[in-house]
Amino acid sequence: MAALLEARRVTKAFGGGVFTKSKVNVALEDFSMTIQDSPPSITAIVGESGSGKTTLARTILGMTPPTSGEVLYRGTDLRRLDGDQRRQFLRDVQVIFQDPYEVYNPFYKVDHVLEVPVANFNLAPSKEKARALIEEALQAVGLRPDETLGRYPHQLSGGQRQRLMVARAMIMRPRLIIADEPVSMVDASLRATILDSLRDLNEKLGVSIIYITHDLTTAYQLSENIIVLYRGSIAEVGDVERVVNAPEHPYTRLLISSIPLPDLGRPWEKERVIPEHAGGRMTGRLSCQFVDRCPSAMEVCREKAPPLFQTEDHRAAACFLYRDRPELGLGDVHQVFAAKSSVPIEA
């Protein structure tokens with residue numbers, strides 16, 4: 001059976017062209033992942049600003065076409081979906097964006113963002129059933145219908161607007177939710193509520209979640225698996241417990257060391273790391289993406305880009321520190337990660 005959603009060696013580059021001399025910036029390079037219909041999983045994709053996280057989200061949603069590679073929905077390239085397939089894709093795959101205000105039309109009451117999908121996808125046989133469905137979704141994310149419906153977007157707080165987006169996704173009964181920094185613009189007191197709502201969607205409704213964030217703390221709290229991106233490439237991937245508690249890639253170690261802890265005696269950033277712009281790389285560079293910042297850089301790191309090496313079960317790192325370990329090919333990674341979860345990551 002074809003996977004629900006699959007990215008195959010996806011690369012996205014910006015810039016360049018016939019009439020411009022600007023360099024090509026590679027925001028995402030040779031990225032692959034698979035989301036199966038079942039069992040439902042939660043995968044975090046983490047990295048600093050400019051690592052390609054939002055480009056990845058837009059590409060696998062079909063909003064930005066890849067420069068090379070393909071994104072498949074149930075075995076069909078997103079660019080080749082017919083009308084019925086696209087309609088089903090729009091129901092099966094929902095998104096929650098970072099800014100909960102930009103998705104609202106200020107001229108409509110917030111009811112509009114809930115009523116439109118119910119009507120367009122015939123989710124309720126009557127207005128009464130539609131209203132009951134909307135109220136149920138609102139209550140599930142901690143919103144009181146009588147205090148939410150009938151208001152305009154500016155009359156709700158950022159946290160209320162974001163929870164409304166979670167409710168909208170819930171109404172659709174999707175198979176997958178792509179949550180792009182869903183808690184970065186809400187108060188800390190509301191983050192737990194939104195994360196709990198996402199966890200409930202996964203556990204109670206069987207919805208898989210791709211949780212995109214720069215925040216390793218919430219990624220650790222929510223997810224089962226983790227993909228660490230650096231400048232558009234996978235640095236490390238695996239079981240979230242192992243990756244966060246014992247990071248193997250020097251970049252992942254840097255991310256972990258930057259998390260503040262209530263320990264005044266704990267040294268900050270033990271490893272010396274050379275700062276560098278975190279954006280996507282330019283074409284023509286064949287070295288490791290992290291080589292100029294890495295305290296463990298070797299000559300081989302400057303000569304070619306490292307593949308993913310399987311360091312242990314359900315773990316892989318793109319680092320020549322582990323060049324004595326098995327190198328993962330396209331077919332191997334599916335077998336290694338299939339036993340752990342429904343999200344095999346490919347080099």
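How much space lies in the second largest pocket? In this predicted model, the second largest pocket holds about 440 Å³ of space. Its lining is made up of 23 residues, and those closest to the centre of the pocket are Leu90, Gln94, Val95, Phe97 and Arg168. Two or more lining residues come from each of helix H2 (83-92), strand S6 (93-96), helix H3 (111-120) and helix H6 (158-171), with H3 giving the largest share, five residues. In character, the lining of this pocket divides into 17 nonpolar, four polar and two charged residues.

One of the elements that contribute to this lining, H6, can be followed further. H6 has 14 residues and reaches 20 Å from its first C-alpha to its last, which is close to the 20 Å expected at 1.5 Å a residue. Because 12 of its 14 residues are buried, H6 is largely enclosed by the rest of the structure. The buried residues include Gly159, Arg161, Leu164, Met165 and Ile171, and the buried residues of H6 pack against S6, H3, helix H4 (127-140), helix H5 (145-148), strand S7 (176-180) and helix H7 (188-205). Just after H6, Arg173 takes a positive phi of about 50 degrees.

Besides pockets, the structure holds two cavities of 30 Å³ or more, and the largest cavity has a volume of about 80 Å³. This largest cavity is lined by 14 residues, of which Pro250, Cys288, Cys294, Cys301 and Cys319 lie nearest its centre. The lining of the largest cavity comprises 12 nonpolar and two polar residues, with no charged residues.

Methods
Residues are numbered from 1 along each chain as its sequence is written. This is a predicted model: local features need pLDDT of at least 70, side-chain atom pairs count only at pLDDT 80 or more; totals for chains, interfaces and linings use all residues. Side-chain values use heavy atoms; hydrogens and water are left out. On a 1 Å grid over the protein atoms alone, a cavity is a set of points where a 1.4 Å probe fits but cannot get out, and a pocket is an open set with protein on both sides within 12 Å along at least five of seven lines; lining residues have an atom within 4 Å of a point. Grid points are joined across faces, edges and corners, and a volume is the space filled by probe spheres set on the points. Ala, Val, Leu, Ile, Met, Phe, Trp, Tyr, Cys and Pro count as nonpolar, Asp, Glu, Lys and Arg as charged, and the others, Gly among them, as polar. Helices (H or I, at least four residues) and strands (E, at least two) are DSSP runs, numbered from the N terminus. The expected span of a helix is 1.5 Å times one less than its number of residues. Buried means under 20% relative accessible area, exposed over 50%, partly exposed in between (1.4 Å probe, protein chains only). Contact means heavy atoms within 4.5 Å.
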